[in-house]
2 protein chains.
Amino acid sequence: MSSHYPSYLLENAVNEFAKLPGIGRKTALRLVLHLLRQDDVSLENFASAIATLKHDVKYCSCCHNISDSEVCAICSDKSRDASTVCVVENIKEVMAIENTVQFRGLYHVLGGIISPIDGIGPSDIEISSLVDRVKSGEVTEVILALSATMEGDTTNFYIYRKLQPYNVKVSIIARGVAIGDEIEYADEITLGRSIINRTPFDESYKTVSK
Amino acid sequence: MSSHYPSYLLENAVNEFAKLPGIGRKTALRLVLHLLRQDDVSLENFASAIATLKHDVKYCSCCHNISDSEVCAICSDKSRDASTVCVVENIKEVMAIENTVQFRGLYHVLGGIISPIDGIGPSDIEISSLVDRVKSGEVTEVILALSATMEGDTTNFYIYRKLQPYNVKVSIIARGVAIGDEIEYADEITLGRSIINRTPFDESYKTVSK
């Protein structure tokens, strides 16, 4: 089915929206026509919010979380426990764990997960900077909070091996989250409990059947 | 549940996306993080597509359809039948009917539908300009192609009454589209047939039970 767009500008805007994940062409058209009905100021705010974000946003030099400053609000919060670092795949997981209000340590955002199928290896994500943080000595425990998928397991094992030479406890969040589920969509209660009930890395994998 | 955004810029962009119809905060966050992963050029294209659309888009002086020029491509197409005008609520319905390839006349986009509950009266939509088009004499048939809802029926009756003084046939698309359905979501076969099987306005309402 070809669509007859009455305007090239309209078609162009629809094409741009249809590139977004989960947005089809009908939804894209609906969104664009909605924006077109807004006044100039609203539209300007919308367009500039995106441009400004991309242009001005920073990534924390310590944990690689998204941030408005050189060091993020969490890393620079002196009331937090800098000896405990929770390793997560992405920004969304930091937000999900912060929402549980169960964790008062710091984070380390990998910016991805080891996935040979997608061509993502250990050097493509922030693992060496995690090792550097541990080497520096302040960290006494690293909590692995990756998704309970094959890629998550692979990444867990890789990080565990890399950290073994150092005097640091490596634990993993309790698998209260069902195997196969994504961290991002877990409910707060389950996710919060899984942080409290974290188990030492060795024991954890003993109880999980292959 | 409050969300802990690590960055004000991020939160601002999420807020802007969450204003769009059908986009919740989780989806908005997913879309914004997707955009953030794009390179500068892609992001620039996205932002400018919207801004340019709003700034440069025109509305056809004849049929009020969205257009890149003063008179739209359909109205200025000499191969089309200028004596038949199809009245639709919005741009999306023009596109839906064009996709059926069953109609070779022109359109008239009302830009809305009479809906007292939403405070939209006859003067808020392009009815008087439709009457002017009919008055000018070239139009011999007006086809009403509004949604089969109460608001659509109300608007149909209002337009019919307004056009009665003039020597013009007023017809209505066949109700192949189920009562209560929106034109926008009808499949092409049904919608195309409903244009071919249009019936004179009087007869149409005789066969519809109140």
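Trainee: Which hand does the crossing of H3(A) and H1(B) have in this predicted model?
Mentor: In this predicted model, the axes of H3(A) and H1(B) come within 9 Å. They cross at roughly 150°. The hand of the crossing of H3(A) and H1(B) is left-handed.

Trainee: Is H3(A) roughly parallel or roughly antiparallel to H1(B)?
Mentor: The axes of H3(A) and H1(B) cross at roughly 150°. Angles over 145 degrees count as roughly antiparallel. That makes the relation of H3(A) to H1(B) roughly antiparallel.

Trainee: Which residues of H1(B) meet H3(A)?
Mentor: The H3(A) side consists of A:Asn45, A:Phe46, A:Ala49, A:Ile50, A:Thr52, A:Leu53 and A:Asp56. By class, the contact of H3(A) with H1(B) has seven nonpolar, three polar and two charged residues. On the H1(B) side, the residues are B:Leu9, B:Leu10, B:Asn12, B:Ala13 and B:Glu16.

Trainee: What is the distance between the axes of H1(A) and H3(B)?
Mentor: H1(A), residues 8-18 of chain A, packs with H3(B) at an angle of about 150°. The two helices are therefore roughly antiparallel to each other, and the crossing of H1(A) and H3(B) is left-handed. The axes of H1(A) and H3(B) are apart by 9 Å.

Trainee: How many charged residues are in the contact of H1(A) with H3(B)?
Mentor: H1(A) brings A:Leu9, A:Leu10, A:Asn12, A:Ala13 and A:Glu16 to the contact. H3(B) brings B:Asn45, B:Phe46, B:Ala49, B:Ile50, B:Thr52, B:Leu53 and B:Asp56. By class, the contact of H1(A) with H3(B) has seven nonpolar and three polar residues, and the number of charged ones is two.

Trainee: How do H3(A) and H3(B) run, roughly parallel or roughly antiparallel to each other?
Mentor: Each of these helices covers residues 40-56 of its chain, and their axes are 10 Å apart. The packing angle is about 175°, and angles over 145 degrees count as roughly antiparallel. H3(A) and H3(B) are therefore roughly antiparallel.

Trainee: How many polar residues are in the contact of H3(A) with H3(B)?
Mentor: From H3(A) come A:Asp40, A:Leu43, A:Phe46, A:Ala47, A:Ile50, A:Ala51 and A:Lys54. From H3(B) come B:Asp40, B:Leu43, B:Phe46, B:Ala47, B:Ile50, B:Ala51 and B:Lys54. By class, the contact of H3(A) with H3(B) has ten nonpolar and four charged residues, and as for polar ones, there are no polar residues.

Trainee: What relation do chain A and chain B have?
Mentor: Chain B superposes on chain A with an RMSD of 0.1 Å. The operation is a rotation of 180° with 0.0 Å of shift along its axis. That is the relation of a two-fold axis.

Trainee: Which residue of chain B comes closest to the rotation axis?
Mentor: The rotation that superposes chain B on chain A is one of 180°. The C-alpha of the residue in question lies 2.5 Å from the axis. In chain B, the residue that comes closest is B:Ala47.

Trainee: Which element gives the largest share of the side of chain B that touches chain A?
Mentor: The contact takes 47 residues from chain B and 47 residues from chain A. Elements that give two or more residues to the chain B side are H1, H2, H3, S2 and H4 of chain B. The largest share is twelve residues, and the element is H3(B).

Trainee: Which residue of S6(A) stands opposite A:Val142?
Mentor: S3(A) and S5(A) pair in the parallel sense over four bridges, with A:Val85 opposite A:Val142. Four bridges also join S5(A) to S6(A), and these strands run parallel. Opposite A:Val142 in S6(A) stands A:Val170.

Trainee: What is the bridge partner of B:Cys86 in S5(B)?
Mentor: In chain B, S3 (residues 81-88) and S5 (residues 141-144) pair in the parallel sense over four bridges. S5(B) is also joined to S6(B), residues 169-172, by four bridges, and there B:Val142 stands opposite B:Val170. The partner of B:Cys86 in S5(B) is B:Ile143.

Key:
Residues numbered from 1 in each chain as written. Chains lettered and ligands numbered in written order. Predicted model: local features only at pLDDT ≥ 70, side-chain atom pairs only at ≥ 80, totals over all residues. Axes fitted to C-alpha atoms, helices over the stretch in contact; angles between N-to-C directions. Parallel < 35°, antiparallel > 145°, perpendicular 65-115°, else oblique. Contact = placed C-beta atoms within 7 Å. Nonpolar A, V, L, I, M, F, W, Y, C, P; charged D, E, K, R; others polar. Least-squares fit on C-alpha atoms with pLDDT ≥ 70 in both. Left-handed = near helix turned anticlockwise from the far one by under 90°. Pairing = 2+ DSSP bridges.
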